[in-house]
Amino acid sequence: MGGFPRDKVLKLNKILYGQADVPRMWCDKLRAGLKVRRFTACKADPCLFVSKKAVCINYVDDCLWFARDGKDIDAVLKSFKEDGD
């Protein structure tokens, strides 16, 4: 199971799915994380984020990433993982 210890029991403090404000919370967290990483939201479409090296398109809880070099996408995703975002 993806990095979780099999001999431990994890307690779920809060259920996210099924709550009405979850999509907004996810978008706010993503937007803040991308802003820190120098992405800007497109004025015409607030789900489109652009930086000098990559583009992120967000739809509900999915993201499409585009870049000329895949290493640029890897670097952004790695920074999200390192920050716990």
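This report describes the fold, the strand pairing, the salt bridges and some surface features of a predicted model.

## Overall architecture

The protein chain of this predicted model holds two helices and four strands, and, read from the N terminus, these elements follow one another in the order α-β-β-β-β-α. Of the 85 residues in the chain, 20% count as buried, while the accessible surface of the chain amounts to about 7,300 Å², with 59% of that area belonging to carbon and sulfur atoms. When contacts in the chain between residues at least 6 apart in sequence are considered, 28% of them join residues that are at least 24 apart.

## The sheet and the helix across it

The four strands make up an open sheet in the order E1-E2-E3-E4, and their pairing is antiparallel. Strand E1 and strand E4 (62-67) stand at the edges with a single partner strand each, so one side of each of these two strands has no neighbour in the sheet. E1 is joined to strand E2 (residues 48-50) by two bridges, the two strands running antiparallel, and within this pairing alanine 41 has phenylalanine 49 of E2 as its bridge partner. Helix H1 lies across E1, E2, E3 and E4, and runs at about 170° to E3.

Valine 55 offers a view of the sheet from strand E3, where this residue has its place. With a relative accessible area of 25%, valine 55 is partly exposed; once its neighbours within four places in sequence are set aside, valine 55 is in contact with Phe39, Leu48, Phe49, Val50, Leu64, Trp65 and Phe66. Between valine 55 and alanine 41, which are 14 residues apart in sequence, the C-alpha to C-alpha separation is 9.9 Å.

## Salt bridges within the helices

A search of the whole structure finds three salt bridges. In one of them, the side chains of arginine 24 and aspartate 28 meet with an N to O distance of 3.3 Å; both residues belong to helix H1 and are four residues apart, which is about one turn of the helix. Arginine 24 is partly exposed, at a relative accessible area of 47%, and aspartate 28 likewise counts as partly exposed, at 38% relative accessibility.

Another salt bridge is formed by lysine 78 and glutamate 82, whose closest N and O atoms are 3.9 Å apart, a value to be read against the cut-off used here, under which the nitrogen must be within 4 Å of the carboxyl oxygen. Lysine 78 and glutamate 82 both lie in helix H2, again four residues apart and about one turn of the helix from each other. Glutamate 82 is exposed, having a relative accessible area of 58%.

## A salt bridge between a loop and helix H2

Arginine 37 forms a salt bridge with aspartate 83, and the closest N and O atoms of this pair are 2.8 Å apart. Because arginine 37 lies in the loop between H1 and E1 while aspartate 83 lies in helix H2 (residues 70-83), the pair ties together parts of the chain that are 46 residues apart in sequence. As for accessibility, arginine 37 is buried, with a relative accessible area of 14%, whereas aspartate 83 counts as exposed, at 52% relative accessibility.

## Arginine 38 in the loop

Arginine 38 is found in the loop between helix H1 (22-36) and strand E1 (40-41). Although arginine 38 is not a glycine, its backbone has a positive phi of about 65°. With a relative accessible area of 74%, arginine 38 is exposed, whereas arginine 37, in the loop between H1 and E1, is buried at 14%.

## A nonpolar surface patch

On the surface, Ile57, Leu64 and Phe66 form a nonpolar patch, and together these residues have about 270 Å² of accessible area. One of the three, isoleucine 57, is found in strand E3 (residues 54-59) and counts as partly exposed at 33% relative accessibility, a value that satisfies the requirement of over 30% relative accessible area for residues that make up a patch. Leu64 and Phe66 are also among the residues in contact with valine 55, whose place is in strand E3.

Technical notes: Residues are numbered from 1 along each chain as its sequence is written. This is a predicted model: local features need pLDDT of at least 70, side-chain atom pairs count only at pLDDT 80 or more; totals for chains, interfaces and linings use all residues. Side-chain values use heavy atoms; hydrogens and water are left out. Buried means under 20% relative accessible area, exposed over 50%, partly exposed in between (1.4 Å probe, protein chains only). Patches are made of residues with over 30% relative accessible area and no salt bridge: like charges are joined within 9 Å, nonpolar side chains (Val, Leu, Ile, Met, Phe, Trp, Tyr) within 5 Å. Accessible areas come from the Shrake-Rupley method with a 1.4 Å probe; for residues, only the protein chains shown count as cover. Two strands pair if DSSP finds at least two bridges between them. Contact means heavy atoms within 4.5 Å. Axes are lines fitted to C-alpha atoms, for helices over the stretch in contact, and angles run from 0 to 180 degrees between N-to-C directions.
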